[in-house]
Amino acid sequence: MPGSQARCRARDRNNVLNRPEFLSLNQPPRREQAAGEGRGGGGPRRASLRQQSQQEDAGLRGSRDSSEGGSAADGGVKEDCMQLNPSFRGIAINSLLAIDISLSKRLGVCVGTRGSGAPLRSMVTLLALTGHALPWLFGTLICLWRSNTLAGQEVLVNLLLALILDLMTVAGMQKLVKRRGPWDFPPGILDYVAMDTYSFPAAHASRAVMVSKFLLNHLVLAVPLRILLYLWAFLAGVSRVLLGKHHVSDVSCGFALGFLHFNLVESVWLDSATCQTLISIGTLRWTPLV
């Protein structure tokens, strides 16, 4: 035994790999050494290797996504270009809206009690009240109740239906658009009753044009009265701009909408027999029910 141990020591001394300059050949590979260090607590080395591998994977995925999703990237660039360079149509619409708001604010001379149009505020308010829905609805019902002729009842029933159509259409469009006035005043009690709580389109302007066209078409009036009726329809719409309730564009669209309502009522005009049936139903004197 002692002899064999001595021979082993002599063999190890004579082995070339045991020399200091060849000790690196006996060490394990780097991967195994790194795995051993990670298992032995070499956290920073392992974290750096993992981060490097994640960066390489991210670069590969980025290159793959860029090669596969070229169209999507082009779409994003185009969208950015559209946002940075808006179209001529968008610029024109925004410019017109800005002019509309600025002009409407300047024309609102009767908004406050200290403005340039303060002395005319009471008269302008009364003129705007003549285009409200409640006076025309109640006035038409009273005239229909006191009318004794079939021709008069026919005209009044169609006028009542035209007023209801105008009221519901304008209220629906206002609820859909929800545009505030140039001065953003809270609506009054009469506005809530007539469902005229928003700015676009102007209900007074629409109603004034529709009523004036209706009366001019179905009543025999002298020339001065016809001119006054046209003037009243125009001033009833403009009064809402002077009071700061509507924009100029709201009143313009209201005028066009009132003319459209008049043409629609004329195209579906109810004859005298239909009007008498509606009156009988309204007064609970319908003959088939007796």
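Let me begin with helix α8, which has 28 residues and reaches 41 Å from its first C-alpha to its last, close to the 40 Å expected at 1.5 Å a residue. Please keep in mind throughout that this is a predicted model.

At the N-terminal end of α8 there is a cap, provided by Thr 149, where a side-chain oxygen lies 3.2 Å from the backbone nitrogen of Gly 152. At the other side, just after α8, we come to Lys 178, which takes a positive phi of about 55°, and this residue lies in the loop between α8 and α9. As a reminder, most residues other than glycine have a negative phi, and most peptide bonds are trans.

Now to the packing. Which way does α8 run relative to α10? Helix α8, residues 150–177, packs with helix α10, residues 203–218, at an angle of about 160°, and their axes are 10 Å apart. Since angles over 145 degrees count as roughly antiparallel, that makes α8 roughly antiparallel to α10. The crossing of these two helices is right-handed. On the α8 side the contact includes Val 155, Leu 159, Leu 163, Leu 167 and Gln 174, and on the α10 side it includes Ala 203, Arg 207, Met 210, Val 211 and Phe 214. By class, the residues of the contact between α8 and α10 divide into 10 nonpolar, four polar and two charged.

The second partner I would like to show is helix α12, residues 248–267, whose axis comes within 10 Å of that of α8, the two crossing at roughly 135°. With that angle, α8 and α12 are therefore oblique to each other, and α8 passes α12 in a right-handed crossing. Among the α8 residues that make this contact are Leu 165, Thr 169 and Met 173, while α12 contributes Leu 257, His 261, Leu 264 and Val 265. An α-helix has 3.6 residues a turn, so residues three or four places apart point the same way. The contact of α8 with α12 has seven nonpolar, three polar and one charged residues.

Asn 158, Ala 162, Asp 166 and Val 170 of α8 deserve a separate word, since they take part in the contact with α10 and also in the contact with α12.

Finally, the approach to α10. Where is the cis peptide bond? A cis peptide bond joins Phe 200 and Pro 201, with omega about -10°, and Pro 201 lies in the loop between α9, residues 189–193, and α10.

Terms used
Residues are numbered from 1 along each chain as its sequence is written. This is a predicted model: local features need pLDDT of at least 70, side-chain atom pairs count only at pLDDT 80 or more; totals for chains, interfaces and linings use all residues. Side-chain values use heavy atoms; hydrogens and water are left out. Axes are lines fitted to C-alpha atoms, for helices over the stretch in contact, and angles run from 0 to 180 degrees between N-to-C directions. Helices (H or I, at least four residues) and strands (E, at least two) are DSSP runs, numbered from the N terminus. Angles under 35 degrees count as roughly parallel, over 145 as roughly antiparallel, 65 to 115 as roughly perpendicular and the rest as oblique. A crossing is left-handed if the near helix is turned anticlockwise from the far one by less than a right angle, and right-handed if clockwise. Contact means heavy atoms within 4.5 Å. Ala, Val, Leu, Ile, Met, Phe, Trp, Tyr, Cys and Pro count as nonpolar, Asp, Glu, Lys and Arg as charged, and the others, Gly among them, as polar. The expected span of a helix is 1.5 Å times one less than its number of residues. A polar contact is a pair of N or O atoms within 3.5 Å; within protein, one must be able to donate a hydrogen and the other to accept it, and residues adjacent in sequence count only if both atoms are side-chain atoms.
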